[in-house]
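Good morning, colleagues. Please take a moment to look at the sequence and the model before I begin.

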Amino acid sequence: MDRFTRECLAIEVDTSLTGRRVVAVLNLLVATRGQPQSIRVDNGPEFISQVLDTWAFERGVALHFIRPGKPIENAHAESFNARFRDQCLAEHWFTNLADAREKIELWRRDYNEVRPHSALGNRTPIEYVTQCAGLA
């Protein structure tokens with residue numbers, strides 16, 4: 001999630017995620033959106049992995065770890081995760097991974113393109129990105 005635009009850039013869906021998968025998603029995002037200066041993460045195994053640490057170091061991307069047991073230090077992500085759980089995961093039965101990926105991607109697009117966000121002046125993240133880029 002981009003903290004500035006509130007845009008959900010990606011949701012990787014699988015039965016488990018490794019640091020290598022996180023790096024693969026980050027590489028895709030860097031290719032399409034540019035490289036971040038920093039990334040705030042919790043202490044999950046996929047984020048404390050050597051592969052992610054090496055990726056960040058080689059690119060000069062700072063990894064900011066929240067303190068264990070302090071989710072308030074990543075309040076934007078926690079708020080997003082709560083909405084995602086309530087409005088997507090709790091609302092659907094997924095028959096398989098392909099079904100989960102499809103429904104979750106539809107929810108992500110709705111979150112970015114349809115729903116206004118009060119923190120963005122009741123604009124969608126896409127409207128906000130467009131306005132910030134001077135395209136609107």
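The side chains of Glu 105 and Arg 108 form a salt bridge, with 2.8 Å from N to O. This is a predicted model, and that should be kept in mind throughout. Why are Glu 105 and Arg 108 separated by about one helical turn? They are three residues apart in helix α4, which covers residues 97-113, and therefore about one turn separates them. The two partners differ in exposure: Glu 105 is partly exposed because its relative accessibility is 32%, whereas Arg 108, at 14%, counts as buried. As a general point, side chains of opposite charge can pair when their charged atoms come close.

How many salt bridges does the structure hold? There are ten. One of them joins the side chains of Asp 110 and Arg 115, again with an N to O distance of 2.8 Å. Asp 110 has a relative accessible area of 24%, so it is partly exposed. Another brings together the side chains of Asp 14 and Arg 21, at 2.6 Å from N to O. Asp 14 is partly exposed, at 28% relative accessibility, and Arg 21 is also partly exposed, at 26%. Asp 14 and Arg 21 belong to a network of salt bridges that also links Glu 12 and Arg 101.

I turn now to the nonpolar interior. The largest nonpolar core has ten residues: Val 22, Val 23, Leu 26, Ile 39, Val 41, Leu 52, Trp 55, Ala 56, Val 61 and Leu 63. Which elements give two or more residues to this core? They are α1, spanning 19-33, β1, spanning 38-41, and α2, spanning 50-59. A second core, separate from this one, has nine residues, including Val 13, Phe 80, Ile 104 and Trp 107.

Two members of the largest core can serve as examples. Trp 55 sits in helix α2. Is Trp 55 buried or exposed? Its relative accessibility is 3%, and because buried means under 20%, Trp 55 counts as buried. Setting aside neighbours within four places in sequence, Trp 55 is in contact with Val 23, Leu 26, Asn 27, Val 30, Ile 39 and Val 61. For a sense of scale, Trp 55 and Ala 119 are 64 residues apart in sequence, and their C-alpha atoms are 31 Å apart in space. The other example is Ile 39, which touches Leu 26, Trp 55, Val 61, Ala 62, Leu 63 and His 64, if residues up to four places away in sequence are not counted.

Next, the pockets. In general, rolling a probe the size of a water molecule over the atoms shows where empty space is left. The largest pocket here has a volume of about 1,500 Å³. It is lined by 39 residues, and those closest to its centre are Met 1, Ala 10, Ile 39, Arg 40 and Phe 47. Two or more lining residues come from each of α1, β1 and α3, the last of these covering 75-87. By class, the lining of the largest pocket contains 23 nonpolar, eight polar and eight charged residues.

Ala 10, one of the residues closest to the centre of the largest pocket, lies in the segment before α1. At 34% relative accessibility, Ala 10 counts as partly exposed. Beyond residues up to four places away in sequence, Ala 10 touches Val 25, Leu 29 and Arg 108. Ala 10 and Leu 26 are 16 residues apart in sequence, with 9.2 Å between their C-alpha atoms.

The second largest pocket holds about 240 Å³ of space. Its lining has 13 residues, and Ser 79, Arg 83, Tyr 111, His 117 and Ser 118 lie nearest its centre. Which element gives the largest share of this lining? It is α3, with five residues. The lining of the second largest pocket divides into five nonpolar, five polar and three charged residues.

Finally, a word on the backbone. Most residues other than glycine have a negative phi. Arg 6 has a positive phi, near 65 degrees, and is found in the segment before α1. Arg 6 is buried, at 18% relative accessibility. Asn 122 also has a positive phi, near 60 degrees; its place is the loop between α4 and α5, the latter spanning 125-132. Asn 122 is exposed, with a relative accessible area of 56%.

How values were computed
Residues are numbered from 1 along each chain as its sequence is written. This is a predicted model: local features need pLDDT of at least 70, side-chain atom pairs count only at pLDDT 80 or more; totals for chains, interfaces and linings use all residues. Side-chain values use heavy atoms; hydrogens and water are left out. A nonpolar core is a set of buried Ala, Val, Leu, Ile, Met, Phe, Trp, Tyr and Cys residues joined through side-chain atoms within 4.5 Å. Buried means under 20% relative accessible area, exposed over 50%, partly exposed in between (1.4 Å probe, protein chains only). Helices (H or I, at least four residues) and strands (E, at least two) are DSSP runs, numbered from the N terminus. Contact means heavy atoms within 4.5 Å. On a 1 Å grid over the protein atoms alone, a cavity is a set of points where a 1.4 Å probe fits but cannot get out, and a pocket is an open set with protein on both sides within 12 Å along at least five of seven lines; lining residues have an atom within 4 Å of a point. Grid points are joined across faces, edges and corners, and a volume is the space filled by probe spheres set on the points. Ala, Val, Leu, Ile, Met, Phe, Trp, Tyr, Cys and Pro count as nonpolar, Asp, Glu, Lys and Arg as charged, and the others, Gly among them, as polar. A salt bridge is a side-chain nitrogen of Lys or Arg within 4 Å of a carboxyl oxygen of Asp or Glu.
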